[in-house]
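Student: Could you take me through one part of this structure slowly? I would like to see how a single helix fits in with the rest of the chain.

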Amino acid sequence: MWLFVSFLKNEMNTADLKQDSVLGIAAEKQGAPSRLHSSSTQVLYTMTAALGQRDTYTHAHAQRVAAYSRRLAQQACVSSPDLDNVTLGGMLHDVGKIALSDLIFSNKQASLSKELQGEVQSHPVIGAAMLRHARCNKVICQTVLYHHERIDGSGYPFGLKDHEIPLGAKIVSVADCFDAITTDRPYQRRKTLYHAFRILEEMAGRQCLDGNLVALMVKDIQTNGIEHILPASDTLFAAFK
Ligand SMILES: [Fe+2]
């Protein structure tokens with residue numbers, strides 16, 4: 001596993017960073033069935049389990065983001081097979097963090113040095129490359145690769161704008177932010193749901209997040225609560241083994 005991750009880090013450092021080179025020709029075409037080969041599923045589970053060994057927060061965060069992403073995708077009328085692809089994208093969105101240095105996981109400060117920030121920002125590319133090697137389909141790879149892109153083009157790794165960002169990545173992006181705001185971290189206490197909604201709406205107003213998706217998520221949780229979403233995460237993860 002570590003040799004594989006090391007290989008990918010070198011590959012990403014030396015490659016001319018182009019989206020097609022990350023997604024690769026081996027990835028299946030968009031809209032292809034989400035069913036994965038059992039060996040690939042095992043590899044993916046091993047990757048997430050290995051990440052959980054290094055960082056328990058990221059592991060639990062991945063399960064919650066998968067559950068929020070699935071629910072939001074349903075609200076946005078995403079149907080099968082992409083509903084499953086987006087769910088898996090949510091589960092695996094940070095899997096590239098397995099390649100980050102221990103300094104980052106042990107850091108308890110809100111801010112990082114420029115060098116460490118750069119390393120953190122490599123995780124979508126590394127994650128997508130790992131999934132490509134595991135022969136994940138293109139929707140899952142794209143969701144992981146683009147989950148830190150922002151509507152106004154201020155995101156990373158490519159600075160894509162609104163219409164260039166796939167819907168699955170926009171969904172995971174909203175789910176990712178919502179979970180980061182509503183959970184405790186070493187440097188930040190979790191916010192109330194009311195406060196979290198205001199922050200998401202403010203991010204949508206600044207063209208960071210998709211406004212329609214934020215409105216869907218806020219309305220759904222205000223109407224139906226949050227409890228009906230979260231229990232699904234354990235089920236999702238169990239089905240993934
Ligand atoms: Fe991420």
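Tutor: Happy to! Let's begin with a word we will need: a residue is called buried if 20 or more other C-beta atoms lie within 10 Å of its own, and exposed if 12 or fewer do. This is a predicted model, and buried residues make up 40% of the 241 residues in the chain. The chain has 13 helices and 0 strands. Among contacts between residues at least 6 apart in sequence, 72% join residues at least 24 apart.

Our close look is at helix α12, which covers residues 211–224. Start with its length: at 1.5 Å a residue, its 14 residues should span 20 Å, and the end C-alpha atoms are 20 Å apart, so the two agree.

Now, which residues of α12 are buried? They are Leu213, Val214, Leu216, Met217 and Ile221. Seen down the axis of α12, these buried residues fall within an arc of 160 degrees, so they line one face of the helix. Here is a general point that helps: an α-helix has 3.6 residues a turn, so residues three or four places apart point the same way. Turn to the face away from the buried side of α12, and you will find the exposed residues Asn212, Lys219, Gln222 and Thr223. Just after α12 comes Gly225, with a positive phi near 80 degrees.

What do the buried residues of α12 pack against? Their partners are α4 (56–75), α10 and α11 (193–205). Leu200 shows this kind of meeting at the level of one residue: leaving aside neighbours within four places in sequence, its contacts include Val214 and Val218, along with Val174, Cys177 and Phe178.

Several of these names return when we step back to the largest nonpolar core, which has 53 residues. Those with the most contacts inside this core are Leu72, Leu131, Val174, Phe178 and Leu200. α12 is one of the elements that give two or more residues to the core, and α4, α10 and α11 are also among them. The element that gives the most is α10, with 8 residues.

So α10 deserves a last glance, as a partner of α12. It is mostly covered, with 13 of its 15 residues buried. Its length works out too: the 15 residues of α10 (residues 167–181) should span 21 Å at 1.5 Å a residue, and its end C-alpha atoms are 21 Å apart, which agrees.

Technical notes. Residues are numbered from 1 along each chain as its sequence is written. This is a predicted model: local features need pLDDT of at least 70, side-chain atom pairs count only at pLDDT 80 or more; totals for chains, interfaces and linings use all residues. Helices (H or I, at least four residues) and strands (E, at least two) are DSSP runs, numbered from the N terminus. Two residues are in contact if their C-beta atoms, placed from the backbone, lie within 7 Å. The expected span of a helix is 1.5 Å times one less than its number of residues. The arc is that of the directions from the helix axis to the C-beta atoms. A nonpolar core is a set of buried Ala, Val, Leu, Ile, Met, Phe, Trp, Tyr and Cys residues joined through C-beta atoms within 7 Å.
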